[in-house]
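Here is a short walk through one protein chain, taken a region at a time. Keep the viewer open while you read.

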Amino acid sequence: MSNTAQALKSLQLRNNLPIAALAAACEQYPKPEGHLYSYGTAGFRSHSKWFEPVVFRVGVIAALRSKRHSSKFIGVMITASHNPEDDNGVKIVDPRGEMLQTEWEPYCTKIANAPDPASFITALDDLCTKFKIDVSKRSKVVYAYDTRPSCPALVKALQLGLAAMETETINEGVRTTPQLHYMTRALNTQGTKDDYGEPSIPGYYKKLSSAWKRLIRRREEGSLLIDCANGVGAIAMKELLEYLSDDFKATLVNTDVFVPGVLNNMCGADYVKTKQELPPSLKGVLKAGQRGCSLDGDADRLMYYYLDEKNIFHMLDGDKISALIAGYLVEKVKLCGFKEPPRVGVVQTAYANGNSTKYMQKTKALPLVCVSTGVKHLHHAAEKFGIGVYFEANGHGTVLFSSDTLENIRKHEPQTPTQDDNTKDLKALIDLINSTVGDAISDMLLVEVILNHLRYDARAWDSLYTDLPNKLVKVNVKNRADFQTEVAERRLTHPAELQRFVDSQVAKYPDGRGFIRPSGTEDAVRVYAEAASKFEAEQLANYLAGWTYDFGGMDPAQRPKEYLR
Ligand code: G16
């Protein structure tokens, strides 16, 4: 008898898992020795060469999650979003289209790292016991993937995990992450009072385009330039344009979806945010005064920008998008004439520009909370408001309407034609917004509608407040787990000495602010600084980066020259 067979025979399980099928499948995808996976900010992410075993195991976990939720559909998305093309990632989507419940994350990590079939099955058994999963229930999973070349092999691994659990599956093919979130919620709410829309990709386009047509007034001339990051957003945008008819004029660029090496390369939302410049491929294409925007590799992030009359680049990031939307919704709610108006609130992270926070709190008197990076944190905080607007500065965000607010709007009886018009607008906005997760395409339509209603051009929008100059640096360290934080990632608890250095440096700069946090999606530490001038913000960021580099245990002689010390 082989060692594996012996180990399996001696297992004492508490749940009736299909041991033979799981073990056979697990042997096909052995876990690479010495490689550790962690379920982080956006699920598992890694270089794609390490990834088939983890995706197989996610298939099994998703099936169990479905059983835990009385056979509701669970979503699985294979994407590494803004990461380089050779990376890949996988995340589990809960029945309402939200991120996986955080209590499951350590179990996912343990299951992914189990070194052999017996320990893999034991880890699954622990999960079933902990969450009282009735293994005999049916399981249903809907999945999709982005345009990365590694996806077909990963999909095969996922399918094997799902088959081992005899799961009913829907393969949505190459789709944006937000489309998969939409599908998950729509499948689970079909025919109920919470019906989210027709559970199909055409249903998604119909919902967005019909809301757009109800909202849009006379359009100005000119077309919006959309940088699709050479990712799946290009496919979705082309499909959506078919539904939007002539009153939405857009020019798509960076649409080379299946050309190797171009995904997110020198383009896309992450490029714009981190470099704070126009992607080179848009130079000479974007005209002065014209609005442009960039999606990221899986179309869940959005960055806007324009060139002024001197051809100077101006970025309108997630904070500016949030300020525009929150300010608009506050006024819209007032115009509807509710007896008890829903409370509009804003959620940000430590990356939010200091002046955006001031604008929301002081100029607009909006309640505001700051949470850790990661949509799951923002989403949960936004649920506490009647209407919760959450955006990360990187352009990832959406708007949530609480069930009480939805009921309030549904029952509302407007007393004047103005109230009636505005209530109709609000209802259409609810359909336009993909509340399951940040959706670059839905957010882009929302921004365009608001600009249209307010008769703002990009400059008028930009003038809501002036960004404090800032800089974000990625520092590669030996072990990002050596960096631990508190107060929504704004301070390091470890290394404490590094935090003392941050405090001493920040105090030297007018309007200075800076923090250091480990990334949840890449093996790196991120350093952020802002200050009154560009020079000072960059200098502060480079000092903090230099010290982070040295504290990360790297050889100081190798420190990149832009990192100061
Ligand atoms: C993911 C998360 C975002 C987060 C970003 C960067 O985005 O969904 O919430 O802001 O990663 O996270 P970190 O700084 O921890 O690496 P995406 O677009 O990659 O899915």
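Helices and strands here are DSSP runs, with at least four residues for a helix and at least two for a strand, numbered from the N terminus. With that in hand, note that we're looking at a predicted model.

Start with what the record says. For "domain: Alpha-D-phosphohexomutase alpha/beta/alpha", an unreviewed UniProt entry lists residues 73–105 and 136–191. Here's how the two stretches look in the model:

| Stretch | Helix | Strand | Distance between end C-alpha atoms |
|---|---|---|---|
| Residues 73–105 | 3% | 39% | 19 Å |
| Residues 136–191 | 48% | 23% | 26 Å |

Now for Ser 81. UniProt puts the feature "active site" on this residue, again from an unreviewed entry. In the model, Ser 81 sits in the loop that runs between strand E2 (73–78) and strand E3 (87–93). Is Ser 81 buried or exposed? Its relative accessible area is 3%, and buried means under 20%, so Ser 81 counts as buried. And which residues does Ser 81 touch, leaving out those up to four places away in sequence? The list has Arg 45, Asp 146, Arg 148, Asn 264 and Gly 297, along with Asp 296, Asp 298 and Asp 300.

Further along the chain comes helix H11, residues 318–336. With 19 residues at 1.5 Å a residue, H11 should span 27 Å, and its end C-alpha atoms are indeed 27 Å apart, so the two values agree. H11 is mostly covered, with 16 of its 19 residues buried. Both ends have something to look at. At the start of H11, a side-chain oxygen of Asp 317 comes within 3.1 Å of the backbone nitrogen of Asp 319. Just after the helix, Gly 337 adopts a positive phi of about 75 degrees.

Asp 319 turns up again when you look at Ser 356, a residue of helix H12 (residues 354–363). Setting aside residues up to four places away in sequence, Ser 356 touches Asp 319, Gln 348 and Tyr 465. With Gln 348 there is also a polar contact between the side chains, at 3.1 Å. Ser 356 has 0% relative accessibility, so this one counts as buried too.

Last stop: a small piece of sheet. Three strands form an open sheet in the order E15-E19-E18, and the pairing is antiparallel. Why do E15 and E18 each have a side without a neighbour in the sheet? Strand E15 (470–475) and strand E18 (513–518) stand at the edges with a single partner strand each, so one side of each stays unpaired. On average, neighbouring strands in this sheet are turned by 15 degrees against each other, ignoring direction.

Zoom in on E18 and its partner. A hairpin of six residues links E18 to E19, and E18 pairs with strand E19 (residues 525–530) in the antiparallel sense over six bridges. You can check the register from two pairs: Pro 518 has Val 525 of E19 as its bridge partner, while Gly 514 stands opposite Ala 529 in E19. Although E18 is an edge strand, it is mostly covered, with five of its six residues buried.

Notes:
Residues are numbered from 1 along each chain as its sequence is written. This is a predicted model: local features need pLDDT of at least 70, side-chain atom pairs count only at pLDDT 80 or more; totals for chains, interfaces and linings use all residues. Side-chain values use heavy atoms; hydrogens and water are left out. Two strands pair if DSSP finds at least two bridges between them. Axes are lines fitted to C-alpha atoms, for helices over the stretch in contact, and angles run from 0 to 180 degrees between N-to-C directions. Buried means under 20% relative accessible area, exposed over 50%, partly exposed in between (1.4 Å probe, protein chains only). A polar contact is a pair of N or O atoms within 3.5 Å; within protein, one must be able to donate a hydrogen and the other to accept it, and residues adjacent in sequence count only if both atoms are side-chain atoms. Contact means heavy atoms within 4.5 Å. The expected span of a helix is 1.5 Å times one less than its number of residues. UniProt positions are given in the numbering used here, feature names are shortened, and annotations may be inferred rather than shown by experiment.
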